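Reader: Before any modelling work begins, I would like to go through this structure with you. Could you take my questions in turn?

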Amino acid sequence: ARATIGLTGLATMGRNLARNIARHDHTIAVHNRTTRRTTDLVEEFGDEGDFVACESLADLVAAVERPRAIVVMVKAGEATDAVVDELVPLLDEGDIVVDAGNAHHRDTVRRQEKLEEHGLHFVGMGVSGGEEGALNGPSIMVGGSDHAYERLRPVVESIAAVVDDTPCCAHVGPGGAGHFVKMVHNGIEYADMQLIAESYDLLRSVLGLEPAAVADVFEEWNGGDLESFLIEMTADVLRHTDAETGKPFVDVVRDAAEQKGTGRWTVQDALDLGVPVTGIAEATFARSISGHTAQRSAARKVFATAPDGDRAEVDREVFVDQVRAALYASKVVAYAQGFDQIAAGAEEHEWDIDLGEVATIWRGGCIIRAQFLDRIREAYEQEPDLTTLLTTDYFADAVKDGVDAWREVVVAAVRSGVPVPTFSSSLAYFDALRRERLPAALIQALRDDFGAHTYERVDRDGTFHTQWAEPDRREVSVTD
Ligand code: NDP
């Protein structure tokens, strides 16, 4: 056995990850169910490093030094189970199986428990950055035992993206912590992209700018607080022209957004945890609406003649800057909500996740990498037990400075008939948090009336019920 690590599953992600590992001077044993992919990899890129091509999983296992570390990078779900089941009898006590695919954290915990029975370690490793990141440096979120992380650390640290001399990888916690953090990362990515899409729609539909002109705006924004991979990419995509038709590329792409499920998982998980991730939820629903072709076509037929509202009369320069401020404030809310979810998940599963470290490893390699994450890292450095990111000095100032613009933008959107679910729900979340009294008091009263669900009072401790059906509507104290 001479390889430091083994990897099975050489499609787009696995192949690039294997090359990244080999380029960093680690001998890597590689395997794929269909052997062709293995031979292709070694033929094409064999000179990039030291690869050991293996035809079977047994060969792969035999090629790796003990305790072995075998990375599984196959299709998520049943394929992962099939490969893991095949690996288990081939391994020895103390060996480590790493699932680097996009697994649900509950599946990771299930697999961990199963492998523990065999004296094996199972690691759920979130890898972000897509195809390009896998090759040149992803952001890596590792979940599993300390023993497993120590074994993986030299490889993981050498292949991750690097920002300010710090590799964008961490042992975020035990159990499913790595895949959990990766899931919320993807949820935040949904919100981020939807906010960008709403900004684009506003600039185009309210101001009447052409895509190339919107690209100029995004490029300018990328020089400031909003600087990020996605904003930069937006400018690039909006400037791209379709070779066949000569039209702006964005106009020839069908407007139905797809999803592979991590956004949905994030929202489902947030509902279970009771964390309001309105930004991520609206972004996920917005993708669903876009794909509801039949409903959209039916509605267009019936409501085509309904007034669209007046296109809001706005000054171009002023409006562009208002949209920028609204985008930034909404982004602060979406990230604050995402980090709330990570904190709640960490508490629920007893994973002890360091939120500042999460912000640190998202600064490079991953899709949501942005200057903004440095501010989040600083906020958690100053106050590790932060209640919400929203109230830390830097973000509070950004939201205070931007709130008037934020309202103006939502009003202009509503008046013009442009849907901005993430902008407006983020504003509603902000207003709900800062409100002195919420109408939840009325909801509690109604619940007590129809279902005797009881309520608390503002003026004294205890739980109460009003006998609504009795003529005197007497209030009784309820002890549970
Ligand atoms: P795919 O998800 O397309 O999976 C293809 C790979 O899985 C092939 O190597 C295939 O082998 C193997 N496979 C499928 N079924 C089985 C099975 N029953 N037994 C053994 N092997 C099987 O590959 P990707 O590279 O796109 O993604 C890999 C993982 O990384 C996925 O979990 C994905 O969610 C995750 N991921 C993907 C990202 C992306 O940008 N694409 C980003 C981050 C994570 P064969 O060649 O024999 O068919």
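**Loops, ligand and fold**

Author: Let us begin with Asp-25, which lies in the loop between helix 1 and strand 2 (28-31). Helices (H or I, at least four residues) and strands (E, at least two) are DSSP runs, numbered from the N terminus.

Reader: Is Asp-25 buried or exposed?

Author: Asp-25 is exposed, with 10 other C-beta atoms within 10 Å. A residue is exposed if 12 or fewer other C-beta atoms lie within 10 Å of its own, buried if 20 or more do, and partly exposed in between, with C-beta atoms placed from the backbone. Asp-25 also has a positive phi of about 65 degrees although it is not a glycine.

Reader: Which sign does phi have in most residues?

Author: Most residues other than glycine have a negative phi, and most peptide bonds are trans. Thr-454 likewise has a positive phi, of about 70 degrees, and is not a glycine. Thr-454 sits in the loop between helix 20 (440-451) and strand 11 (463-466), and it is partly exposed, with 17 other C-beta atoms within 10 Å.

Reader: Which peptide bond is cis?

Author: The bond from Arg-66 to Pro-67 is cis, with omega near -10 degrees. Pro-67 belongs to the loop between helix 3 (57-63) and strand 4 (69-72).

Reader: How was the model obtained, and what is its mean pLDDT?

Author: The model is predicted: local features need pLDDT of at least 70, side-chain atom pairs count only at pLDDT 80 or more, and totals for chains, interfaces and linings use all residues. Residues are numbered from 1 along each chain as its sequence is written. The mean pLDDT of the protein chain is 96, and 99% of its residues reach 70 or more; pLDDT is the predictor's confidence in each residue, from 0 to 100. The model scores ipTM 0.97 and pTM 0.96.

Reader: Turning to the ligand, which residues come nearest?

Author: Ala-11, Met-13, Arg-33, Ala-79 and Gly-101 come nearest, of the 22 residues around the ligand. A residue is near a molecule if its C-beta atom, placed from the backbone, lies within 6 Å of it. Helix 1 (12-23), helix 4 (78-87) and helix 6 (130-136) each supply at least two residues of this shell.

Reader: How many residues of the shell are nonpolar, polar and charged?

Author: The shell divides into 10 nonpolar, 8 polar and 4 charged residues. Ala, Val, Leu, Ile, Met, Phe, Trp, Tyr, Cys and Pro count as nonpolar, Asp, Glu, Lys and Arg as charged, and the others, Gly among them, as polar.

Reader: And the domains: what are their bounds?

Author: The assignment gives domain 1 (5-175), domain 2 (183-434) and domain 3 (440-478); such bounds come from an automatic or database domain assignment. The centres of domain 1 and domain 3, taken over C-alpha atoms, are separated by 57 Å.

Reader: What can you say about Gly-356?

Author: Gly-356 is in helix 16 (residues 355-361). With 17 C-beta neighbours inside 10 Å, Gly-356 counts as partly exposed. Not counting residues up to four places away in sequence, Gly-356 touches Arg-377, Tyr-380, Glu-381 and Pro-384; contact requires C-beta atoms, placed from the backbone, to lie within 7 Å.

Reader: Finally, what share of the residues is buried?

Author: Buried residues make up 46% of the 480 residues in the protein chain.

Technical notes. Contact = placed C-beta atoms within 7 Å.
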